[in-house]
Amino acid sequence: MRLLILLLLSFHAAYCALDTAAVIAIQTEINKHSADIEMILDHVKNLNARVSDLGRPGPPGMNGSPGFPGSKGEKGERAEDGMSGRDGMQGIPGVKGDMGPIGPTGMKGDKGSMFITNYMHDQYQKLVLF
């Protein structure tokens, strides 16, 4: 029984020692990351200051050249509409389009007489022979 109690006490002491070592290791990591965060924060502050200085004109250079241009001004009020413009030039005529599709066949006409056909044939023959 004594052995069991002695084992439990030694196990508890070892567990507490491991727990303390883990806490110390975690605290060391936190301190490292805290230093990194501080360094990054300083960089951000310096960059912010440099960016805000970009809009302001700088001191004149060696030959007196101007600094950076300033920021754009605000938009003014809308003016009245002006006179309407003149008509433009007349364009050139376009190209004639292609012929459209052929339509449907028409209705059949009335039957004619042979008199008209023969009469037209005779008149044509007279013209050709003259």
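Select Lys32 to begin: with 48% relative accessibility it counts as partly exposed, a class that lies between buried (under 20% relative accessible area) and exposed (over 50%), as judged with a 1.4 Å probe and protein chains only. The model on screen is predicted, so that local features need pLDDT of at least 70 and side-chain atom pairs count only at pLDDT 80 or more, while totals for chains, interfaces and linings use all residues. Residues are numbered from 1 along each chain as its sequence is written, and side-chain values use heavy atoms, with hydrogens and water left out.

Next, add Glu29 to the selection, which is partly exposed at a relative accessible area of 38%. Glu29 and Lys32 form a salt bridge in which the closest N and O atoms are 3.8 Å apart, the term being used for a side-chain nitrogen of Lys or Arg within 4 Å of a carboxyl oxygen of Asp or Glu. Because these two residues are three positions apart in helix α1, about one helical turn separates Lys32 from Glu29.

The structure holds two salt bridges, and for the other pair select Arg78 and Asp81, whose side chains meet at 3.4 Å, N to O. Arg78 is exposed, with a relative accessible area of 73%, and Asp81 is exposed as well, at 66%. Side chains of opposite charge can pair when their charged atoms come close.

Now colour by secondary structure: the protein has two helices and zero strands, where helices (H or I, at least four residues) and strands (E, at least two) are DSSP runs numbered from the N terminus. In the loop between α1 (2–53) and α2 (114–129), select Phe68, which counts as exposed at 51% relative accessibility. Together with Val51 and Leu54, Phe68 forms a nonpolar patch on the surface with about 320 Å² of accessible area; patches are made of residues with over 30% relative accessible area and no salt bridge, nonpolar side chains (Val, Leu, Ile, Met, Phe, Trp, Tyr) being joined within 5 Å and like charges within 9 Å.

Ser71 is also in the loop between α1 and α2, and is exposed with a relative accessible area of 72%. Measure from its C-alpha to that of Arg56, and the separation is 8.2 Å in space for two residues 15 apart in sequence.

Finally, show the whole surface: of the 130 residues, 0% count as buried.

Technical notes:
Areas by Shrake-Rupley, 256 points an atom, 1.4 Å probe, with all protein chains shown as cover.
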